[in-house]
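Me: I would like to learn how to read a structure feature by feature. Please give the general idea each time, then the case at hand.

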Amino acid sequence: MDLDTVRTFVAAADAGQFQEAAAELAITQQAVSKRIATLERNLGVRLFTRTPRGAELTIDGQAFLPHARELLRVAERAAASVRTGHRPLRVDVIASRVAPSGLMRGFHRAHPEIDLDVLMLFDIQTAVAAIRSGEIDASFRAVAAPGRPLPEDIESVRVLDEPLQLLTGPSHALAGARSVPLARLAGHRIWMPGIVPGTEWAAYYDDLVAEFGLTIEATGPNFGSDALLDTVADTPALATFMGEHTRLVWPADHGLRRIPVTDPTPVYPHSLLWHRDNPHPALATLRAHLATPATGHHAAAGTWVPSWVMPR
């Protein structure tokens, strides 16, 4: 059903005259008559009766009027849901407990007036495709992995360098250390079952292993962070890497330790990705928020990132 025709019917019903409806809609009276005739033909009923005073609704017209109003309201809500500045800002944070999720919580606290849709997409190819199609407005990623440059229409800016920490159980050989040099981790088993080949974080840890002679095991099924914490707590020979801003809660009897890694400190580089032609006004607000010193943190000298990571 043509919405212009429905809108003309409602205007004529409210005005009681085709001439007034034409003036309101900025069309000719003849156009109003044609639209009403088309609608009546499609519905198979008469909607108006001509009178000396103008046009009165028939019984069928009276029955159709509330539904016509609802059609127009639904159409307006549908348009508003995607209209720039009126729909929520859609942002991919990868997972609920990692640093990007914390960045978006901070953004929401600073700008509660901005509606947000927070999504969790798995890999960078999926995220980039969603940005280019308009499904999402932005994504947090480490870019760009070797051999996979970003498309020319995707912009990015590095917003957070997150130091890695060593997570151990209470019986691990390094559990009592206040900090541990990265070179000292050579020979220790670091278990990270969540590493998936082909992802940007897999490329990051591959380079970390190659440069510092570490042993990172990604064997076994990934049952999630709770199972990882249980295993590390119970296995003196195992440790894992964890981002400084990763939010986890574990039972008190686990006795887990989070130990800073130094000389150098490996930092995981989080960048914000978006389409260069995206006009959503809240996207500019998000970028400005992430650029403030109180929000973003860029690690200083004495840190390490792979050579393929985009510069600050």
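Reply: Start with residue classes: Ala, Val, Leu, Ile, Met, Phe, Trp, Tyr, Cys and Pro count as nonpolar, Asp, Glu, Lys and Arg as charged, and the others, Gly among them, as polar. Note also that this is a predicted model.

Me: How many residues of each class are in the lining of the largest pocket?
Reply: The lining holds 22 nonpolar, nine polar and three charged residues. In total 34 residues line the largest pocket, and its volume is about 940 Å³.

Me: Which residues lie nearest the centre of the largest pocket?
Reply: They are Ala95, Val98, Gly194, Trp201 and Thr246. Several elements give two or more residues to the lining: α5 (99–110), β5 (138–141), β6, α7, α8 (225–234), β10 and β12 (265–275).

Me: Which element gives the most to that lining?
Reply: Strand β10 does, with four residues.

Me: What should I know about nonpolar cores?
Reply: In soluble globular proteins, nonpolar side chains tend to be buried together. Here the largest nonpolar core has 26 residues, and those with the most contacts inside it are Leu166, Leu185, Tyr205, Leu208 and Phe241. At least two residues of this core come from each of β6 (154–168), α7 (200–212), β10 and β11 (257–262). The largest share, six residues, is from α7. There is also a second, separate core of 19 residues, whose members include Ala12, Ala21, Ala22 and Phe64.

Me: Which residues does leucine 208 touch, leaving out those up to four places away in sequence?
Reply: Leucine 208 touches Leu164, Leu182, Gly213, Leu214, Phe241, Pro266 and Trp304.

Me: Now a polar side chain. Is threonine 240 buried or exposed?
Reply: The cut-off to apply is that buried means under 20% relative accessible area. Threonine 240 has a relative accessible area of 1%, so the residue is buried. Its place is in strand β10 (residues 238–243).

Me: Which backbone oxygen lies 2.7 Å from a polar atom of the side chain of threonine 240?
Reply: The backbone oxygen of tryptophan 191. Beyond four places in sequence, threonine 240 touches Gln165, Leu166, Leu167, Ile190, Trp191, Met192, Leu228 and Val232. Tryptophan 191 thus appears in the contact list as well.

Me: How do I read burial for other residues?
Reply: The cut-off is applied in the same way. Serine 101, in helix α5, has a relative accessible area of 11% and is therefore buried. Outside the four places on either side in sequence, serine 101 touches Val93, Ala95 and Ser96. Histidine 270, in strand β12, counts as buried because its relative accessibility is 7%. Valine 159, in strand β6, is buried at 4%.

Me: Which residues does histidine 270 touch, again without those up to four places away in sequence?
Reply: Histidine 270 touches Ala99, Pro100, Arg141, Val157, Arg158, Val159, Leu160 and Glu162. Valine 159 is thus among the contacts of histidine 270.

Me: How should I set separation in sequence beside distance in space?
Reply: Take the two numbers together for each pair. Valine 159 and phenylalanine 140 are 19 residues apart in sequence, with 8.9 Å from C-alpha to C-alpha. Histidine 270 and glycine 147 are 123 residues apart in sequence, with 19 Å from C-alpha to C-alpha.

Me: What about backbone angles?
Reply: Most residues other than glycine have a negative phi, and most peptide bonds are trans. Alanine 26 has a positive phi of about 60° although it is not a glycine. Alanine 26 is in the loop between α2 (18–25) and α3 (29–43), and is exposed, with a relative accessible area of 70%. Isoleucine 94 also has a positive phi, near 75°. The place of isoleucine 94 is the loop between β3 (89–92) and α5, and at 24% relative accessibility the residue counts as partly exposed.

Me: Which peptide bond is cis?
Reply: The bond from aspartate 263 to proline 264 is cis, with omega near -5°. Proline 264 is in the loop between β11 and β12.

Conventions
Residues are numbered from 1 along each chain as its sequence is written. This is a predicted model: local features need pLDDT of at least 70, side-chain atom pairs count only at pLDDT 80 or more; totals for chains, interfaces and linings use all residues. Side-chain values use heavy atoms; hydrogens and water are left out. Buried means under 20% relative accessible area, exposed over 50%, partly exposed in between (1.4 Å probe, protein chains only). A polar contact is a pair of N or O atoms within 3.5 Å; within protein, one must be able to donate a hydrogen and the other to accept it, and residues adjacent in sequence count only if both atoms are side-chain atoms. Contact means heavy atoms within 4.5 Å. A nonpolar core is a set of buried Ala, Val, Leu, Ile, Met, Phe, Trp, Tyr and Cys residues joined through side-chain atoms within 4.5 Å. On a 1 Å grid over the protein atoms alone, a cavity is a set of points where a 1.4 Å probe fits but cannot get out, and a pocket is an open set with protein on both sides within 12 Å along at least five of seven lines; lining residues have an atom within 4 Å of a point. Grid points are joined across faces, edges and corners, and a volume is the space filled by probe spheres set on the points.
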